[in-house]
Structure formats: C-alpha cells, structure tokens
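These are my notebook entries on one structure. I looked up the overall fold, the ligand site and one further pocket.

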Amino acid sequence: MSSEVINTSTNFNDLGLAEPILRAINDAGYTTPTPIQAKAIPQVLSGGDLLAGAQTGTGKTAGFTLPILHILSQKPVTDLSKGRPRCLMLTPTRELAAQIEESVKTYGKYLPLTSTVIFGGVNINPQISRLRKPLDILVATPGRLLDLMSQNCVSLANIEILVLDEADRMLDMGFLRDIKKILAALPKQRQNLLFSATFSTEIKALADGLLNSPALIEVARSNSTNEAIAQLIHPVDRNQKHPLLAHLIKSNQWQQVLVFTRTKHGANKLVTQLEKDGITAMAIHGNKSQSARTKALAEFKDGKITVLVATDIAARGIDIDQLPHVVNYDL
Ligand code: AMP
C-alpha cells in the first residue's frame, strides 16, 4: 500500500463534476463538500484506487457516488446487455444498501444512468426481473448477490468500478468468504474503492490484496456534531432500567428515541414493556422480516412511533436526520 498527497477543495464547482451532477447536488441543498468528499472525489475521478477511513455521517456515500456517476456518464457504454452492471457497490446490510441506492438515484437524477439494489430477506423474483434490463450501477449485499450470480441472473464481467462500503462491518458480519467469491468473478482491470471505519489486520490484508497503489484518506466524524451531543449515564439496577426509560420518555416528552439493545430477545421484551406503558415502540433486528424492518424504520422516521428498539447490527449506519435521543440500554 502507498499513500499520496491529495489536494482538497472547498467548492463542489471546483471538483470537476459534470453539470447534471452539480444540479442534483444543488437540489439536495448541499453547499460545500464534506472533508471526505473534498478528498475522495478528485481521487476517484483520477481513476485511482482508494482506501478511505470514514464513518457513516461523514458524507462518504456522496464521496464515492458523485465521482462514479461522473465517470460512468462520461465513458461510452460498450455493452448494454442485461444484467451486466458497470459498477458494483457492496455493503453489509439491507438498510445501507437501500440508502446507497437512494443516493445514486438522487445524485444521478439528471443523468441517463440506471441502478438497482438487491438484498436478502425479500422475494428474489422482482430482483431477477429487474436484472433482465440494462443496468449501470448495482448496489448489493454479498449473500443475495452470490445467490443471483449462481442463478446466472447477473454477470460481473463488465464491472469497471468496485466499492466496498463499511468493509469492517462486512468482515464483522462474516462476509469475508462471500466477498472473496465475488472478487474472483470481477474483471482484473478495474478501479477499487474501499471504505472502512476501522483498520484491523483483516481489513489491511483485504486492502493489500485488492487495491492497487491506493490513495489513503482518513477523516474523523465532524466535531461540530459531537460537541452538539450531550451524553448522560444513569447507573441503575437491571430491573429498574425499563421503568427509568419509560419515565425519561414520558416526563421529558421525548418524541423520537432510538434504543440500542444487545440482543434480539432484549429488543422484543423492551418493546412489549414500553407498549404496556402506552409508549409506541417497534423493534428491528435480524429475526424480523425485511418488510417489518422497512416499515418500522419508515414509521419511526415519520414520527408515527416514538421508540425504535434496535440491535446494534440491525441499526448500523442508519441515517436519521436530526435524531434527538439515543439510548444505549445494555452498556
Ligand atoms: P453518509 O455519511 O454518506 O451516510 O451521509 C450522511 C448525511 O449527510 C446524509 O444524510 C447526506 O444526505 C448528508 N450529506 C452528504 N453530503 C453532504 C454535503 N456536502 N452537505 C450537506 N449534507 C450532506
């Protein structure tokens, strides 16, 4: 691995992105690139590989999506046949995959590029039908992608750009073997971008095998956000935790509370307890169907339920604007 010095820029107009992309950025209301965007966009546009240390909340999704949209829109398409995407974005969870593809659609709305998202836990048939049509960008979780590859519904032979998003989480969730199988199906000549919040030995090994003289960029979560967050610890006996939480929610009139529990069982139990107190709550975790998870998240974002109880894994990387209260229930 080698690192290079990268120039940073503070204005979207200076980054060399095509006009339709700048228009979409303007529609989204973004005025200045975040630090990861200022660093990543020129690097990706240059065609080089990238190893980026960045967490959710830094704007990393736009950091890779914007330049990829630019590259794909500039290069003539050689093979528009079905099920042969030009860019693959791999990410660990269904929620992240859906969020990324939403960003692709948002930033690419003035471009003639097409995208879709595939993940497990939902009916595979609509995904198979979609893959029969031409496709530029495929956002996927590893398991379902392998499933569709084994059924010959998708070919990775035309991939020009690969993104591994939240690579550390993918390894935490046991996706290394799946990722290796997917990498083996990619053409040798391609651009690789790896995003990870942490750099363990495993991530370094993966990066070493995957990336070609990558530029290395690392950004911290924006400090302004951290300073704006007040953190409180309430030491309390186990059997007092639920009454205390209900009391805090009611007496402070909290309207939107995300609660993390350690286990799926603990999440379900807390939901039942809160509902007995007249507090609307839903749980998201791996045992829930995808439609139940999507519904719970949508209702929580819309303010229809007060409390969303999530296991850490299920909630990783979920982006909720201006979330007012987060409770770590099993610290
Ligand atoms: P991410 O870290 O990619 O999950 O993005 C976190 C949030 O930041 C998302 O809600 C984005 O819509 C938002 N965002 C991304 N880039 C910018 C920007 N340049 N200015 C303002 N908000 C942004």
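**Entry 1: ligand contacts.** I began at the ligand, bearing in mind that the model is predicted. I found an oxygen atom of the ligand 2.8 Å from a polar backbone atom of Gly59. I then looked up how much of the ligand is covered: on its own it has 500 Å² of accessible area, and the protein covers 74% of that. Two further contacts went into my notes. A nitrogen atom of the ligand lies 2.9 Å from a polar backbone atom of Thr32. At Tyr30 the partner is in the side chain, where an N or O atom is 2.5 Å from an oxygen atom of the ligand.

**Entry 2: ligand shell.** I listed 13 residues around the ligand, of which Tyr30, Gln37, Gly57, Thr61 and Asp319 come nearest. I sorted this shell by class and recorded eight polar, three nonpolar and two charged residues.

**Entry 3: second largest pocket.** I next asked how much space lies in the second largest pocket. The value is about 340 Å³. I counted 14 residues in its lining, with Arg238, Lys241, Lys269, Tyr329 and Asp330 closest to the centre of the pocket. Two elements each give two or more residues to this lining: helix 11 (241-251) and helix 12 (264-276). Helix 12 supplies the largest share, five residues. By class, I recorded six polar, five charged and three nonpolar residues in the lining.

**Entry 4: whole chain.** I closed with the chain as a whole, which has 14 helices and 11 strands. Its radius of gyration is 21 Å, close to the 20 Å that the globule rule gives for 331 residues, so I noted the chain as being as compact as a globular protein of that length. Along the principal axes, I recorded a span of about 60 × 45 × 40 Å for the C-alpha trace.

Technical notes
Residues are numbered from 1 along each chain as its sequence is written. This is a predicted model: local features need pLDDT of at least 70, side-chain atom pairs count only at pLDDT 80 or more; totals for chains, interfaces and linings use all residues. Side-chain values use heavy atoms; hydrogens and water are left out. A residue is near a molecule or strand if one of its heavy atoms lies within 4 Å of it. A polar contact is a pair of N or O atoms within 3.5 Å; within protein, one must be able to donate a hydrogen and the other to accept it, and residues adjacent in sequence count only if both atoms are side-chain atoms. Accessible areas come from the Shrake-Rupley method with a 1.4 Å probe; for residues, only the protein chains shown count as cover. Ala, Val, Leu, Ile, Met, Phe, Trp, Tyr, Cys and Pro count as nonpolar, Asp, Glu, Lys and Arg as charged, and the others, Gly among them, as polar. On a 1 Å grid over the protein atoms alone, a cavity is a set of points where a 1.4 Å probe fits but cannot get out, and a pocket is an open set with protein on both sides within 12 Å along at least five of seven lines; lining residues have an atom within 4 Å of a point. Grid points are joined across faces, edges and corners, and a volume is the space filled by probe spheres set on the points. Helices (H or I, at least four residues) and strands (E, at least two) are DSSP runs, numbered from the N terminus. The radius of gyration is taken over C-alpha atoms; the globule rule is 2.2 Å times the number of residues to the power 0.38.
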